[in-house]
Structures are given as C-alpha cells and as structure tokens.
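The following paragraphs lead the reader through selected sites and helix contacts of one protein chain. Please keep the sequence and the model at hand while reading.

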Amino acid sequence: MSEFGKTVRSLETALPDPVEAGNVRYQPSMDRLREFSAHLETTTEFGSPSYVSDERSRNADRTENAIDDDFGADDYAHVERAVEAAAEREMVCVDRRMGRHPDHSYVCRLFVSKEYARIALAWSKLFEPVEADGAGGADAAPDPDFVTVQVPEFEETAIRILPEKGVTAVLGSDYTGEAKKSFLRLFMYYAKQQGGLGLHAGSKRVRLKADPDAEDGDRRTVGQAFLGLSATGKSTLTAHGLWLDEESGEDATMLQDDVCALRPDGAIAGSEGNGLYVKTIGLDADEQPAMHDAVTDESAVLENVDVADDGTVDFDSDRHTSNGRAVIEREQLSSAGEDIDLESVDQIFFITRNPVMPPVAKLTPEEAAVAFMLGESVQTSAGDPSKAGESIRVVGTNPFIVGSKGEEGNRFRDLVADLDVDCFVLNTGSLGGRDIGVEDSVTLLREIARGTVKWTDDDATEMTVPSEVPGMDIREFDAAENVANLDEKLATLRTERRTHLDTFKELDDEIADAVY
C-alpha cells in the first residue's frame, strides 16, 4: 500500500472496500454508468449523452481546506458524513490514474452516489484506467493516493479538503467540475511539495524549421505554457495549430489544457491523460473546427448545454448557463498529441482581459512573478456566474492553490529565473475600444515562437512591447492611441496592483517593487 493510501485508510471512519462492499458498484463500464444515469439523460443528435445539473459552477465560497482555513469540528464532521454515506448508500466507485510522469502520477478514487453516476461517467473519461493490483487477484482494487466522495443529494452544500490525507468531501453539489478539480487541486499541491509548482495552465509543443527560409532542414522545438482563468482563451490558444507550415514539418501539439506541474528541471508534467473538460458556449465549427468535431462526437459527454427534446444542440444558447461544458476524449481532438508531458518549457504566457494592456508584453522574472500574483482577468461563469464580466484578480489565475500564495509567487520567480524561461502577458480581450481577436493572438504566439518579433520599450506603458511582428500591423495596437486617459488609468492601476501585492506578507520585496 502507498503511503498516501495508508493515510487515507487511517481515517477514524474507514472508507468501504470497493470490491467487497455490497453497496458499491466498483469499476462499472462506461455503458453501465450511462445506464445508471438514463433517467437524467437527453440523447443528442450526435448520439452522445447530455445532462443538466442543479449546480452549474463550482462552489468556491463553500470550499475549505485544512491548511488555509480555520478547520474545526464541523468541517471534519462534513468529511465524516461523506465517508458514512459512502459506506451506507448505493454508490459507484471508479479508479483512474492522474498523470504519467514518474514523480507526478497518482491513483484517484471517486465515490459518487449511484443515482448521479453521470458524474463518474464524465470524470472517468478525463483520466486513464488503472490496472488492478495483481497481488490480490484480478479484481483487487489498487491503493488510492487520493479519494473523493461526492454525495450530491446531501442537504447542505459543502466541499471540504484534507490535503495531507488526500481526501475531499463534496456534499450537496452535482457539478462534475467539483469532482475533477478535487483531484487536480491535490496534483498541484503535491507538485509544490516536490520543489516544483502546480499551474492552472495549458501546455503545447511547437515544432519549427530551424531556418525559416530553408525548404528543408532541422527542426527545433519550443515549449509553451498558458496561464489563464476559465473562458479567457486558454484552451483555444493551447489547442490552436498556429497556422504553421505543416507541409514542411512544422506543427503545434496540445499536451494539456488545464492543470500541469512545472518541475525544477524545466519539464511540465501533465495531469489529464484521456480527456478534456471544455466550455461549449459559442462553439463555432468555422473558428474552432477541431474542438467542434470533438465535442460533437458521440464519445463526448455534455453538461448544461441546451439540447432540445429531439436532440438538437444549440451551443450559442445559455438557457441553462453560459458555463455549458463537454468532456471530450483526447483522441477525438486532432490538435492533441499522444504525450501529456512537455520536456522543457521555453515560454510562459499570462492571459489577461485587462483593457489597458497591450496585445502582448515581455516580462522580466520579477515582472512575471507580479503577473502571477496579480492574475488579472475578468470573472467568468465557471467561477461566479452572478459576477461574470467583472474585473477579478486570482493568484496564478489558479483558484485551487493550497498553502501560502506569497510563497507561490516567490517559487514561480525562482523557477523561471533559474530555467531562463521567457514570460509574457497576453491580452485576449480588447485594448481600449479595439478588439484583439484570435487571429491577432495566434499571430503573436507563432512569431514569438519563431523568434521573429522585434521588441522595444514603450514610453506610454513603460513595458517591453513588439515594434515589428511579421504578418501583423502592430502599430494599430499602440496603447496611447487606443486608450483614452491612458496615463491616469495606468497610475490608478499601478496603485491598485501595489495595494493588492501588499496583502501577501510572504512575497519577496523585489517582486512587490516590480509592479508594471
């Protein structure tokens, strides 16, 4: 038994053995999980199942962990109630492996009420199957590193995490995202314990001609990572092919789109080996053909998407929520590679929607740590639908940090400085009244990867911005020309940023003094 597994099983109220417990259906097939959920399903025109949940986003305000929060008797009681439910109610139990890297691979066990087996169905498609422990026979259950018990029918909504025990209790929520993030949160926490840093980020491998002017020749690889809140373009840009010269062997491959681990050796370890949990609102077949093909495949599982009684799907409708989702399989997404680990990261992009930021700016390691700590974006329906569109700051654009946020910023600065990683802030929203479209962002990413962008110090913003970008008239995005009262807005913004950074007592002064 693994050390994590021993800790899990040391809880005062033991979780049931999934193989022997009479109330638990252990490792049911995908077909069986779908059968258990038939009373909740609407079948789409593509033959895939679609479900509507009562909870349609994460309950961040009802989530507490035993490291950062004042965890008392009531909080531990919530965990005990979840464990008791797993022992007494009809449950399904599924084991999956999260991550492939030898130092970042974990057996994850999800218990969920049988009536809500659709949660296990969707979750199971994200991670890879686990082989049974041969020592106990063909049907023996492996020892879990992390365990989540989800009881949607519980009368009170509460999510409680014991990070050091690897246990999460999800009570009163039937949102699939709670199950997914319960494990990814711990993936990031343990990456930090190993000297690295968990990132709410996508990763991709870009292969380019060593000599852009040569018809043939060697290829070089550029590793990119994208940090951004849900619905800011992270998945879109991570999955985008960058319009490279594929005939000459150039390509861009998505490795991960959500959670990774930046290691001290420069590698980025992936977490989800089998699928992706993507937003569907506004999904367009012309703008995102690869993603559209995957979401409309019969293997997908849709959640809170507008599906008519006859199965017709409307991705533009927010009838249920603007946070409609789909779990898709990696093999159905043409831009996804077989690997999930990036050998080495060269460029990190912070995605923002701040309207006074240029389309892209290059950052020093200290400025990059500032960007990490600021996590500036806009609130989306994945977080708090009632505040969608409002300005927001989330450290690391990562709502799932466990432990000191200031120490996370220090760790990020040290890692990118030691690894000599180039860092950038990328605006995917608008500059003043000028829209920054996907085509603009993709052009910037491609040319930054190629090394063809020329940079200059901009007097108006005091940032390092492009002066020349092949295939793009970057002069159209001059901040002084597009933003009214730019000096006043930047002064106010810097004051707000300094005030925000002052709240993190563990943050190094060199980072706090690098506000841009």
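In this predicted model, phenylalanine 400 has a relative accessible area of 4% and is therefore buried, since residues count as buried under 20%. The residue is placed in the loop between strand E24 (391-393) and helix H9 (405-419). Leaving aside residues up to four places away in sequence, phenylalanine 400 touches Arg58, Lys181, Arg185 and Met188. A further spatial relation links this loop residue to glycine 198: the two are 202 residues apart along the chain, yet their C-alpha atoms are separated by 9.5 Å.

The discussion now turns to a pair of packed helices. In general, such a pair is described by the angle between the axes and the distance between them. Helix H4 (residues 117-124) packs against helix H5 (residues 176-193) with the axes 9 Å apart and at an angle of about 50°. H4 is therefore oblique to H5, because angles between 35 and 145 degrees that fall outside the range of 65 to 115 count as oblique. The crossing in which H4 passes H5 is right-handed. On the side of H4, the contact is formed by Arg118, Ile119, Ala122 and Trp123, which meet Thr176, Ala179, Lys180 and Phe183 of H5. Sorted by class, the residues of this contact comprise five nonpolar, one polar and two charged.

How far is H4 enclosed by the rest of the structure? Eight of its eight residues are buried, so H4 is largely enclosed. The buried residues of H4 are Ala117, Arg118, Ile119, Ala120, Leu121, Ala122, Trp123 and Ser124. One of them, Leu121, also gives a link to an earlier part of the chain. Arginine 32 and leucine 121 are 89 residues apart in sequence, while the distance in space is 9.0 Å from C-alpha to C-alpha. Arginine 32 itself is found in helix H2 (residues 30-36). Its relative accessibility is 36%, so arginine 32 counts as partly exposed.

A second helix pair is formed by helix H8 (residues 365-374) and helix H12 (residues 486-501), whose axes come within 10 Å and cross at roughly 80°. The two helices are therefore roughly perpendicular to each other. Val370, Met373 and Leu374 of H8 make the contact with Arg497, His500 and Leu501 of H12. The classes represented in this contact are four nonpolar, one polar and one charged.

H8 is mostly covered, with eight of its ten residues buried. These are Glu367, Ala368, Ala369, Val370, Ala371, Phe372, Met373 and Leu374. The H8 residues that meet H12, namely Val370, Met373 and Leu374, are thus listed among the buried ones. Just after H8, the chain continues with glycine 375, which takes a positive phi of about 50°.

The last site is asparagine 482, which lies in helix H11 (residues 479-482). Which partners does its side chain reach? The side chain of asparagine 482 makes a polar contact of 3.2 Å with the side chain of arginine 434. The same side chain also reaches the backbone oxygen of glutamate 476, at 3.0 Å. When residues up to four places away in sequence are not counted, asparagine 482 touches Leu431, Gly432, Gly433, Arg434, Glu476 and Phe477.

Note on methods:
Residues are numbered from 1 along each chain as its sequence is written. This is a predicted model: local features need pLDDT of at least 70, side-chain atom pairs count only at pLDDT 80 or more; totals for chains, interfaces and linings use all residues. Side-chain values use heavy atoms; hydrogens and water are left out. Axes are lines fitted to C-alpha atoms, for helices over the stretch in contact, and angles run from 0 to 180 degrees between N-to-C directions. Helices (H or I, at least four residues) and strands (E, at least two) are DSSP runs, numbered from the N terminus. A crossing is left-handed if the near helix is turned anticlockwise from the far one by less than a right angle, and right-handed if clockwise. Contact means heavy atoms within 4.5 Å. Ala, Val, Leu, Ile, Met, Phe, Trp, Tyr, Cys and Pro count as nonpolar, Asp, Glu, Lys and Arg as charged, and the others, Gly among them, as polar. A polar contact is a pair of N or O atoms within 3.5 Å; within protein, one must be able to donate a hydrogen and the other to accept it, and residues adjacent in sequence count only if both atoms are side-chain atoms. Buried means under 20% relative accessible area, exposed over 50%, partly exposed in between (1.4 Å probe, protein chains only).
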